[in-house]
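Welcome to a short set of exercises. Have the model open beside you, try each task yourself, and then read the solution.

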Amino acid sequence: MDWYADPSQPAFRLPPGAVDTHCHVFGPQAKFPFAPERKYTPCDGSKTELFALRDHLGVSRNVIVQATCHGADNTAMVDAVRAADGRARGIATVRPDVSDTELRALDAAGVRGVRFNFLRRLVDSSPQEDLSAIAKKIAPLGWHIVLYFESADLPELEGFFGSLPTPLVVDHMGRPDVTRPVGGPEFSRFLRFVEENDVWAKVTCPERLSVTGPRALHGERHAYTDVVPFARRVVEEFPDRVLWGTDWPHPNLTDHMPDDGLLVDHIPHVAPTTEQQRKLLVHNPMSLYWPGEDV
Ligand code: 0GY
């Protein structure tokens, strides 16, 4: 599906300096072709449109995460990060044979981490020897590793994650099954994993995790209500290690495309206090991606 062309104006006002830590650029295909090994072909979602959304929502900075449709060719992502003039950082995908020169060039462009993707529908395989080799190469740069996995796979992967030498950031709260209890064994295991490994957790993608969907009650700007208890629990337990993001342009959604304005209005439901919001939106991402810089 194409992204939401005319997002609403959020009712919630983001604090100055808010960071969208999870978004992508797709192409444009004519300039930055998609990877032959990709599992989906999205619509174009270029840096121009991303920056327009940033300004519309009142976001200050972006972290642009390499999407699997571009494989390990980081050119579109790096082009966008450079064009943001210091207001974006990047997360790359690299292969184990990446050279130190290539890594240093990515670092100079604003890349601060790599992403390891374990979703079978997105990648053919993720051999742990390859990922360990990458981790060893990027650790000296002070980068971190972004992990994307399904909650059911955490027990199998947890030991490997614990062996990684860098800080870890988990996408979309480890993709919980939100039809299960928030206090049940699956989500408790995720919370324990975050606690024991000092993990950063993105409370992102309610639209991807929700079963109840964008339906708002009584016309209120409150959707994806079934995801709220999960995200809120993470924010309450780990206020200093949570991150927020839009996931624009929302790859692989088939039932509905979220209104990004409504995604911003989801924030006060998961982080009700001003202090939680300041940490989630500004302080935490700034300390991870722009350490030492003022908002
Ligand atoms: C996301 C989610 C997805 C896709 C990708 O890199 C990607 O292609 O991340 C997905 O399909 O769940 O975080 O954007």
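Helices (H or I, at least four residues) and strands (E, at least two) are DSSP runs, numbered from the N terminus. This is a predicted model, so local features need pLDDT of at least 70, side-chain atom pairs count only at pLDDT 80 or more, and totals for chains, interfaces and linings use all residues. Residues are numbered from 1 along each chain as its sequence is written, and side-chain values use heavy atoms, with hydrogens and water left out.

**Exercise 1. Work out the order of the strands in the sheet and find its edges.**

Step 1. Start with the pairing rule: two strands pair if DSSP finds at least two bridges between them.

Step 2. Follow the pairs across the sheet. Eight strands make up an open sheet with parallel pairing, and their order is β1-β2-β3-β4-β5-β6-β7-β8.

Step 3. Look for strands that pair on one side only: these edge strands are β1 (19–23) and β8 (242–243).

Step 4. Check two pairs in detail. Strands β2 and β3 run parallel and are joined by four bridges, with valine 63 opposite arginine 89 in β3. Three bridges link β5 (residues 144–148) to β6 (residues 168–170), again in the parallel sense, and here isoleucine 145 stands opposite leucine 168 in β6.

**Exercise 2. Describe the surroundings of strand β3.**

Step 1. Take the cut-offs for burial: buried means under 20% relative accessible area, exposed over 50%, and partly exposed in between (1.4 Å probe, protein chains only).

Step 2. Apply them to the strand. β3 is largely enclosed by the rest of the structure, because five of its five residues are buried.

Step 3. Sort the side chains by direction. In a regular strand the side chains alternate between the two faces of the sheet. Ala88, Gly90 and Ala92 point one way from β3, while Arg89 and Ile91 point the other way.

Step 4. Add the helix that packs on the sheet. For this, contact means heavy atoms within 4.5 Å; axes are lines fitted to C-alpha atoms, for helices over the stretch in contact, and angles run from 0 to 180 degrees between N-to-C directions. Helix α2 (residues 75–83) touches β2 (61–65), β3 (88–92) and β4 (111–117), and its direction makes about 165° with that of β3.

**Exercise 3. Which residues line the second largest cavity, and which helix gives the largest share of its lining?**

Step 1. Set the terms. On a 1 Å grid over the protein atoms alone, a cavity is a set of points where a 1.4 Å probe fits but cannot get out, and a pocket is an open set with protein on both sides within 12 Å along at least five of seven lines; lining residues have an atom within 4 Å of a point. Grid points are joined across faces, edges and corners, and a volume is the space filled by probe spheres set on the points.

Step 2. Search the whole structure: two cavities of 30 Å³ or more are found. The second largest holds about 60 Å³ of space.

Step 3. List its lining: Val203, Pro206, Glu207, Trp244, Gly245, Thr246, Leu263, His266, Ile267 and Val270.

Step 4. Assign elements. α7 (206–209) and α9 (260–270) each supply at least two lining residues, and α9 gives the largest share, four residues.

**Exercise 4. Characterise the largest pocket.**

Step 1. Give its volume, about 480 Å³.

Step 2. Turn to its lining of 23 residues, where Thr93, Arg95, Val123, Ser125 and Ser126 lie nearest the centre. The elements giving two or more residues to this lining are β4 and α4.

Step 3. Class the lining, counting Ala, Val, Leu, Ile, Met, Phe, Trp, Tyr, Cys and Pro as nonpolar, Asp, Glu, Lys and Arg as charged, and the others, Gly among them, as polar. The result is nine nonpolar, seven polar and seven charged residues.

**Exercise 5. Find unusual backbone geometry in the loops.**

Step 1. Recall the background: most residues other than glycine have a negative phi, and most peptide bonds are trans.

Step 2. Look at the loop between β8 and α9. Histidine 250 is placed there, with a positive phi near 60°, and counts as buried because its relative accessibility is 1%. Proline 249 is found in this loop too, and the peptide bond to proline 249 from tryptophan 248 is cis, with omega near -5°.

Step 3. Move to the loop between β6 and α6 (185–197), the place of arginine 175. Arginine 175 has a positive phi of about 50° and is buried, with a relative accessible area of 13%.
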